[in-house]
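Please open the structure in your viewer and keep the selection panel at hand. The tour below moves from one selection to the next and says what is to be found at each stop.

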Amino acid sequence: MNEYLDIIFRSTAVYFFMVIALRVFGKKELSQLNTTDIILILLISNSVQNAMVGTNTTLYGGLAAATVLFTVNFILKRLMFKYKKFNSFMQQKPEILIHNGNLDFKALSKLNITSDELKEAMREHGVEYFKDVKLAMLEIDGNISIISGHQDLKQTHYKRRHNHKNLSGIF
């Protein structure tokens, strides 16, 4: 039984480490994974496996670790839903990229969003010129949403592609 308490502790610690790592590295990478992101996920999962189960490589040890991860994730999601301040702490805020046709160059630079990415998102939303954008935002899930001043509102999704080197696309 003591061995399984160790797995519970280790799995919980690894889970919170990953949550903190995602918080530090940011949300902007979450909308679409590229090849390096997938490789990173595979390597991280392999590297933390032993940290979670230690020397217990049995089926029960693996199932115990997986159960802990699902349970901690479920509890964390419930807490985020129930407590607004906790949710604000855990989730980053949406970022304004364009407001009434004016680009926020400081935000774009901080988020490493190129003008080509922004133009692609605009095209996917049916907008040709920056001046026609009423509001463009990088949402908490990493998508760029755009509202134009002269169009009816419609929902479309632009998933960022990441060509720059960044370790923040963990999940």
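In which sense do strand S1 and strand S3 pair, and over how many bridges? Select residues 95-99 for S1 and residues 133-138 for S3, and you will find that the two strands pair in the antiparallel sense over four bridges. Please bear in mind throughout that this is a predicted model.

**The sheet**

Within the pairing just selected, pick Ile98, whose bridge partner in S3 is Ala136. Next, add residues 102-103, which form strand S2; S2 runs antiparallel to S1 and is joined to S1 by two bridges. Here His99 stands opposite Asn102 in S2, and the hairpin of S1 and S2 has two residues between the strands, with Asn100 taking a positive phi near 50°.

With strand S4 (144-148) added to the selection, the whole sheet can be viewed: it is an open sheet of four strands in the order S2-S1-S3-S4, with antiparallel pairing. S2 and S4 stand at the edges and have a single partner strand each, so one side of each is left without a neighbour in the sheet.

**The chain as a whole**

Now colour the protein by secondary structure, which comes to six helices and four strands. Following the chain from the N terminus on, you will meet these elements in the order α-α-α-α-β-β-α-α-β-β. Of the 171 residues in the protein, 33% are buried, and among the contacts with a separation of 6 or more, 69% are between residues 24 or more positions apart.

**The cores**

Select Leu97, Ile98, Val133 and Ile146, which are the residues with the most contacts inside the largest nonpolar core, a set of 14 residues. S1, helix H6 (115-124), S3 and strand S4 each supply at least two residues of this core. Returning to Ile98 and leaving aside its neighbours within four places in sequence, you can display its contacts with Leu103, Leu118, Met122, Phe130, Val133, Lys134, Leu135 and Ala136. Apart from this core lies another, of nine residues, and a selection of Ile7, Ile44, Val53 and Ala65 will show some of its members.

Ala65 leads on to the next stop, since Ala65 is also among the residues touched by Ser11, together with Met52, Val68 and Leu69, when residues up to four places away in sequence are not counted. Ser11 itself has its place in helix H1 (residues 2-25). Is Ser11 buried or exposed? Its relative accessible area is 0%, and because buried means under 20%, Ser11 counts as buried.

**The salt bridges**

The structure holds two salt bridges. For one of them, stay in helix H1 and select Asp6 and Arg10, whose side chains meet at 2.8 Å, N to O. Both residues lie in H1, four residues apart, which is about one turn of the helix. Asp6 counts as partly exposed at 34% relative accessibility, and Arg10 likewise counts as partly exposed, at 28%.

For another salt bridge, move to Lys110 and Glu95, whose side chains meet at 3.0 Å, N to O. Lys110 lies in helix H5 (residues 105-110) and Glu95 in strand S1, so this pair ties together parts that are 15 residues apart in sequence. Lys110 is exposed, with a relative accessible area of 53%.

**The surface**

Finally, switch to a surface display, where the accessible surface of the protein comes to about 11400 Å², with 62% of this belonging to carbon and sulfur atoms. Which residues form a nonpolar patch on this surface? Select Phe74, Ile75, Leu79 and Tyr83, which form the patch and together have about 390 Å² of accessible area. Tyr83 lies in the loop between helix H3 (59-82) and helix H4 (84-90). With a relative accessible area of 43%, Tyr83 is partly exposed.

Note on methods. Residues are numbered from 1 along each chain as its sequence is written. This is a predicted model: local features need pLDDT of at least 70, side-chain atom pairs count only at pLDDT 80 or more; totals for chains, interfaces and linings use all residues. Side-chain values use heavy atoms; hydrogens and water are left out. Patches are made of residues with over 30% relative accessible area and no salt bridge: like charges are joined within 9 Å, nonpolar side chains (Val, Leu, Ile, Met, Phe, Trp, Tyr) within 5 Å. Accessible areas come from the Shrake-Rupley method with a 1.4 Å probe; for residues, only the protein chains shown count as cover. A salt bridge is a side-chain nitrogen of Lys or Arg within 4 Å of a carboxyl oxygen of Asp or Glu. Buried means under 20% relative accessible area, exposed over 50%, partly exposed in between (1.4 Å probe, protein chains only). Two strands pair if DSSP finds at least two bridges between them. Contact means heavy atoms within 4.5 Å. A nonpolar core is a set of buried Ala, Val, Leu, Ile, Met, Phe, Trp, Tyr and Cys residues joined through side-chain atoms within 4.5 Å.
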